[in-house]
Every structure is written in structure tokens, then in C-alpha cells.
Amino acid sequence: MSQELEEKCLWDAATPAHLEYFGFALIDVGWDDPSDTQAKVNYLDEVARFSNLADMLVAEPNDRIEARLDAFAAVNVKAVIHLNYLLFEQVGTNAPSGADFDLRGDFRQRWDAFVKLNKRQHEIAALYIGEEPTWNGVAFEELREVADYLKASLPETKLMLVEAFPALRSLIVPKTIDWVGFDHYFISDIEHDAAFQAELNLLKKKRSADHQRIILIPDAHFIPEVHRHFGVTRDKMVGIADAYCRIAAEDEDVIGLMAYFWPGGFDDPTALGTRQMSDVKNQYRKIGRRITGK
């Protein structure tokens, strides 16, 4: 890799104070990259040296995560606890996404049981409530109800919400949310793409409280047929990483980046994760080390 490519996304001065977190989705969620010759469902060891944030899935009230949190803490990584299936259930197919979700009627009991079983909340960076909730049919009243309940339960723990870009105009952000983001993949030049920039600006306007910060979700995977359909070739993926880096460094509203995603085969059998693209992996490693100081 040339010196020019190594340096072009990195800011000249110290890491901006507003930029605190970097990490990846699908790190400890039970997903086994089908490209591996041996089964592996936890990738913490592959990202710990340049991340301080990683995705962890919780699906049932009796899921014990303290040992998993210990492993994260040992390498100075905090967990983003993915709670969609603990709190929500699919009830149909009528939402814009094609998968309609409702808040579980017993979500309080399920959450209380989980918290009682796991008492290490100080090692959690954020609770990720719902997956693209508006896109997936979750009513605002339900989103607010669950956000308020979790915040009352763990007032010092951040709450994170990530919405799908087609639903941004309908999104209403509960005041108890701390980090808000959106996902829009398959764009070759986000810095000059009018739609992406409009969506980012709209997301900022959707914030409902002064404390709310932006979490960026970089497109860090590559599905050949889909990406190429939108004009994104494999050789553009390093540039996409660079662009997210620059936006994050220049925008004081941004608290961090959580790239989607690390292992391959997710969403589509042909999908490459960052770990399978050596040049992209090297670039995110540089970005992550600058942000985390590792």
C-alpha cells in the first residue's frame, strides 16, 4: 500500500476529542463465517487491537453475558448489546422492510430477568434497541416505551438506535436515546452523494434532545452482485472507508463509527466481510488505532 493511500484519510493533528469509538458489527453474535475451514462465532481476537467497540447479541432473558463481557474488558473493548430479539418479535410482513415487528408484551419481565442475571452494566458502551425500528414497523409509542424503560433501569448506560435510510422521514427519536445512526450502503462516494448527505442532515434534525450524538455505520462489506449493481466495485471499498473517516473526524456531532460488517457470508452467501478484504482491513485498522489510541 502506498504512503499516499495510508495517509489520505488520517487527520494531521491529534484525534478530535469528539470522536471516541470505533468498532465492528457481528463480532460476538453467534455468526459463523462460512469461508472459514473451522467453526468460529466470536471474532473479538481479530479486532481487539484496533477497536474499543463491538457488537454482542442477546436473544433470551436467561442469556449470561458476564464471561463474554470479561473477555471484552480484558482487551479494552466495550460491548454494544444487540437487544432486538430480547425486546421485539416478528408479527407479520406488512412493514416497509417486509418484516413487521412489535414490542413484546412481556418485554419488561424479559428485560428485568436479564438485568438481574447480568450485573456488569458498566462494561457496556450502549444498548442497541431494535433493528431499523421504523423500517421494521415498530410504532414510535412502542419505541419510546422501551427506551424509557431501559433508561430508567440503567440510567448511566447509553441507548443506541440505527434506522434504515428509507424510513428516516418517518423516524421519531425518543428523548432517552443517546446515539442515533442510519445505514445506507452501496454508495461509492458518500462525501459527494447528494442523497447520503441529505440523509445525514435529516438524521441530525431528527434528534430530540441536546445530548444526542451521531454514530456512523460505514459500509464495510462487499456483496458483488449488489454493490456492482450500484456502481461500487471492489477496488472502491478502501476509499469508502476513507470517506467515513473524514466525515467522522470533521463532524463534531459524531461520537464514533460501527462498521458493518466483519465476518463474511451475512445477508448474502457471497458477501465479503472486512476480514476477507486485506486492503480494507488494513485501512480500518489504521483508522481504528487513531481513534482508540491502541
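Me: Which strand gives the most to the lining of the largest pocket?
Reply: This is a predicted model, so let us start from what was computed on it. The largest pocket has a volume of about 870 Å³. Among the residues that line it, those closest to its centre are Glu 132, Asp 183, Tyr 185, Tyr 260 and Asp 267. β1, β2, β7 and β10 each supply at least two residues of the lining, and the one that gives the most, with three residues, is β7.

Me: In what order do the eight strands close into a barrel?
Reply: A good way in is to follow some of the pairs. β1 and β2 pair in the parallel sense over three bridges, and β2 pairs with β3 in the parallel sense over five bridges. Further on, β3 pairs with β6, and β6 with β7. With parallel pairing, the eight strands close in the order β1-β2-β3-β6-β7-β8-β9-β10.

Me: By how many degrees are neighbouring strands of this sheet turned against each other on average?
Reply: The sheet here is the barrel of eight strands, with parallel pairing. Ignoring direction, the average turn between neighbouring strands is 30°.

Me: What angle does the direction of α6 make with that of β7?
Reply: Helix α6 covers residues 140-153 and belongs, with β6 and β7, to a right-handed β-α-β unit. The helix packs on the sheet, where it touches both β6 and β7. Its direction and that of β7 make an angle of about 160°.

Me: Which helix makes a right-handed β-α-β unit with β2 and β3?
Reply: The two strands are paired in the parallel sense over five bridges. One place to see this pairing is Asp 55, which stands opposite Val 80 in β3. The helix that completes the right-handed unit spans residues 66-74 and is α3.

Me: How many of the residues of β6 are buried?
Reply: Strand β6 runs over residues 124-128 and pairs with β3 over four bridges and with β7 over three. Its residue Leu 127 stands opposite Leu 159 in β7, while Ile 81 stands opposite Leu 127. Buried means under 20% relative accessible area, and by that cut-off the number of buried residues in β6 is five of five.

Me: Why is β3 described as largely enclosed by the rest of the structure?
Reply: Strand β3 covers residues 78-82 and pairs with β6 in the parallel sense. Ala 79 has Ile 124 as its bridge partner in β6. The strand is largely enclosed because, of its five residues, the number buried is four.

Me: Is Glu 132 buried or partly exposed?
Reply: Glu 132 sits in the loop between β6 and α6, and it is among the residues closest to the centre of the largest pocket. Its phi is positive, at about 45°, although it is not a glycine. The cut-off for buried is under 20%, and Glu 132 has a relative accessible area of 21%, so the answer is partly exposed.

Me: Which residue in the loop between β8 and α7 has a positive phi of about 65°?
Reply: The loop runs between β8 (179-183) and α7 (194-206). The residue with this positive phi is not a glycine. Its name is Phe 186.

Me: Which residue does a cis peptide bond join to Tyr 260?
Reply: Tyr 260 is one of the residues closest to the centre of the largest pocket. Its partner lies in the loop between β10 and α10 (278-292). The omega of the bond is about 5°, and the residue joined to Tyr 260 is Phe 261.

Me: What is the volume of the largest cavity?
Reply: A search of the whole structure finds one cavity of 30 Å³ or more. Residues lining the largest cavity include Asn 84, Phe 101, Gly 130 and Glu 131. Its volume is about 40 Å³.

Me: How many Å apart in space are Gln 90 and Phe 101, C-alpha to C-alpha?
Reply: Gln 90 has its place in strand β4 and counts as partly exposed, at 47% relative accessibility. Leaving aside residues up to four places away in sequence, Gln 90 touches Gly 98, Ala 99, Asp 100 and Phe 101. Gln 90 and Phe 101 are eleven residues apart in sequence, and their C-alpha distance in space is 4.3 Å.

Note on methods:
Residues are numbered from 1 along each chain as its sequence is written. This is a predicted model: local features need pLDDT of at least 70, side-chain atom pairs count only at pLDDT 80 or more; totals for chains, interfaces and linings use all residues. Side-chain values use heavy atoms; hydrogens and water are left out. Buried means under 20% relative accessible area, exposed over 50%, partly exposed in between (1.4 Å probe, protein chains only). Two strands pair if DSSP finds at least two bridges between them. A crossover is right-handed if, with the strands pointing away from the viewer, the path from the first strand over the helix to the second runs clockwise. Axes are lines fitted to C-alpha atoms, for helices over the stretch in contact, and angles run from 0 to 180 degrees between N-to-C directions. Contact means heavy atoms within 4.5 Å. On a 1 Å grid over the protein atoms alone, a cavity is a set of points where a 1.4 Å probe fits but cannot get out, and a pocket is an open set with protein on both sides within 12 Å along at least five of seven lines; lining residues have an atom within 4 Å of a point. Grid points are joined across faces, edges and corners, and a volume is the space filled by probe spheres set on the points.
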